[in-house]
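Please open the model in your viewer and keep the selection tool at hand. The tour below proceeds from one selection to the next.

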Amino acid sequence: MRQYIAELKKLSSNLWWSWDTEAKELFKELSPLLWERVNHNPVELLRHISNDELLARLNCEFGEKLERVSKRFDAYMSETGTWAHEHTPELTRDPIAYFSAEFGIHESVRIYSGGLGVLAGDHIKSASDLGLNFIGVSLFYREGYFRQYLNQDGWQVEEYPMQYPESLPLEKVTDADGKDLIISFTIAQSEVHAQAWCLNVGRAKLYLLDTNIPANESHYRDICSRVYGGDQNMRINQEILLGIGGIKLFNALGISPAVYHMNEGHSAFLTLELLAARLAEGMSLEEAKKAVSSTCVFTTHTPVPAGHDRFSRDMMHYSFDRYLRENGIMFDDLMRLGAENPEDLHGQFTMTVLALNLSRAANGVSKLHGEVSREMWQHLYPETSADEVPIDHVTNGIHIPSWSAGFTERFWKRHTDSLESMTASPEAAESVLAQVSDEELWCMRYRLKRNLMDFVYRYLSNQLFHQHVYTSYLEDESSKSPKNPLSPDVLTIGFARRFATYKRAPLIFRDIERLTRIVNHPTMPVQIIFSGKAHPHDDAGKQFIQQIVENMRLPQFKGKIIFLENYNLGVAKRMISGVDVWLNNPLRPMEASGTSGQKIALHGGLNFSVPDGWWPEAYNGENGWSIGHGEQFDTDEEQDRHDAEQLYATLENKIIPAYYERDENNIPVRWLKKVRNAIATIAPVYNTHRMVKEYATRFYLERK
Ligand SMILES: *Cc1c(COP(=O)(O)O)cnc(C)c1O
């Protein structure tokens, strides 16, 4: 018994469990009810489970499973035959340090807001799987990102439940004497202190800096309360903590990374701290800049100028005056590093410019985004033509083990030894697919859809209960008995992501009458599931949510169009595995990559997307559908009208008929052909194993 508890604790202390299906199931089986209540958090589960329940569960079968998982974990942790050992042995030695303002690893660790964080989480997991010596750096946000509720008017309400270190698999970072390690750095005129927590993500470590300690003045304790919380001043403080604090932490721990990878510009102040160290060694500013750039790489994620982090000259002066004096850096030299126009040091300081100036390599996150970024930043390289601007691209991917439903994984594993070997290449995927009949594939789809419908029913019951609109939704009008509004027999479209306005969540509602006909077609109906959070300051995004909620309450859409509150990694996992079609209609070219559509492939879902981000690279005419062909218009109004028309027309003429076209066994043969094509062309390419290998070989390895 003691032995079992020790093993469970060991597994709970490393987030590896979150991408091992059997490990996840162990915790769930321990107490299915509690597992839901603690938001799938094994540390909390083990803290709160009663001894009686524990005893009752730890029967022979459970013990065997536990031992199997525990052995697999130990083997994983000590593996020496990884991809990196074989292909990039240099990268198993000095670590790659990967800085990101957010990491989306699991729904129980709420230090992320959206796609950027999910990408960082998937990146660190793949780096671990591939055997890179890899360290992440971020902040410990006690209040995380908000929990979303909708009030009766469909308006988003934010709540910030606290998360406590003892509820998470966090280890306090200590010094050689076992005392809390405290680092100190300068913000404005103050000395600020931070402690650090370590999160084990497989073989990788993720350090989370935390200023919430008594040594700090109270306004500096709050720096890392919330993900992207507060005003510009809070923002710059968070970025100083992340960048400069992160380097101070490495110094204190005696870690010297081979490469610093900045995931988006938020962490770019790290280059200043590296610069200061070189200046202290006696280098000139020019020499120091060269030395720093030779160790930094930068990934940009923002295809519109306004989206980039910028700080006013005054704010820069206020925040860095003392720091610069301490380190012998002239204020104008600092401003030049972040100036879009080096002749004008009175403009704003742009974090992306700083990062570009002090990196040896930079990249966008899809082929299209690479092109857009080169054009956008060409003015920084006046001697260079747009296609030679030194910004390359590495297309984003997803961490397949994290994004595969248990059922899906077991399904494929009947025909292959692992999802990794199935997705090693399109050919490998095709050879697995060749062993699967249409009947089997369709059965898998049906099962996954039913699982989603069950989830939606339970989730919605809760949600509507506190919205006080319970009865009108989940009851059969005629009999007043409980009824799941959604059906696995109906073509199901999913749309879930952050409600940034450029993603145009309500586009499909542009013509309500047309949508009414589509949704309520007598023989070919459609149902739609929405989910997503608007940033707390983004009222236009909140209006989009409200607009959808108001529409879904119209009698013709009642129970056919659904909005699920509080989108997070857990809700995402449910949705991406169950829907037939994943809708994505951003304003092109504002979606740098997008990754949610990549998550559906192995589950047999199909993408229906504006040709933006990763989709133009992946779309081959047969593995999903495109909304238009990238036509661009002068006004948003014209663009919306055009894109909505394309959306409706493709739905009506192509997608819906293909789904409902059945053979004599009720199998949609033409549809499944597309599903097969999508699995073979998307899963083997748009994953983070491929992505991290690209970063490793093209960016992390020292160029000789
Ligand atoms: C994958 C994911 C995203 C990214 O979605 P996009 O459509 O690429 O913007 C955002 N949030 C969560 C919770 C996700 O799982």
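Select helix α17 (406-413). With 4 residues, α17 gives the most to the lining of the second largest pocket. The model is a predicted one, and the pocket in question holds about 920 Å³ of space. To find its middle, select D129, P401, S418, L419 and E420, which lie closest to the centre among the 32 lining residues. Next, colour the helices α2 (21-30), α6 (60-78), α8 (115-130), α18 (419-422) and α28 (688-700); like α17, each of them supplies at least two residues of the lining. Colouring the lining by residue class gives 14 charged, 10 nonpolar and 8 polar residues.

Move now to strand β3, residues 147-150. Which residues of β3 are on its covered face, and which on its uncovered one? Q148 and L150 belong to the covered face, R147 and Y149 to the uncovered face. On the uncovered face, show the side chains of R147 and Y149: the charged end of R147 sits over the ring of Y149, at 4.4 Å from the ring centre.

Add strand β4, residues 156-159, which runs antiparallel to β3 and is joined to it by 4 bridges. Q148 has E158 of β4 as its bridge partner. Between the two strands of this hairpin are 5 residues, and G154 takes a positive phi near 75°. For a second charge over a ring, select R226 and Y160: the charged end of R226 lies 3.4 Å from the centre of the Y160 ring.

The next stop concerns aromatic rings, of which 32 pairs are found in the whole structure. Select Y98 and F103: their ring planes stand at 65° with the centres 5.9 Å apart, and the pair is therefore edge-to-face, the cut-off being over 60 degrees. Y98 and F103 are both buried.

Then select F99 and F250, another edge-to-face pair, with 6.0 Å from centre to centre and 75° between the planes. This contact links distant parts of the chain, since F99 is in strand β1 (residues 96-99) and F250 in helix α10 (residues 232-253), 151 residues apart. Are these two rings buried or exposed? F99 counts as buried because its relative accessibility is 0%, and F250 is also buried, with a relative accessible area of 1%.

Finish with F495, F499, F509, F530, F557 and F563, which ring pairs link into a cluster.

How values were computed
Residues are numbered from 1 along each chain as its sequence is written. This is a predicted model: local features need pLDDT of at least 70, side-chain atom pairs count only at pLDDT 80 or more; totals for chains, interfaces and linings use all residues. Side-chain values use heavy atoms; hydrogens and water are left out. Buried means under 20% relative accessible area, exposed over 50%, partly exposed in between (1.4 Å probe, protein chains only). Two strands pair if DSSP finds at least two bridges between them. Rings of Phe, Tyr and Trp (its six-membered ring) pair if their centres lie within 6.5 Å; planes under 30 degrees apart count as stacked, over 60 as edge-to-face and the rest as tilted. A charge sits over a ring if NZ of Lys or CZ of Arg is within 6 Å of the ring centre and within 35 degrees of the ring normal. On a 1 Å grid over the protein atoms alone, a cavity is a set of points where a 1.4 Å probe fits but cannot get out, and a pocket is an open set with protein on both sides within 12 Å along at least five of seven lines; lining residues have an atom within 4 Å of a point. Grid points are joined across faces, edges and corners, and a volume is the space filled by probe spheres set on the points. Ala, Val, Leu, Ile, Met, Phe, Trp, Tyr, Cys and Pro count as nonpolar, Asp, Glu, Lys and Arg as charged, and the others, Gly among them, as polar.
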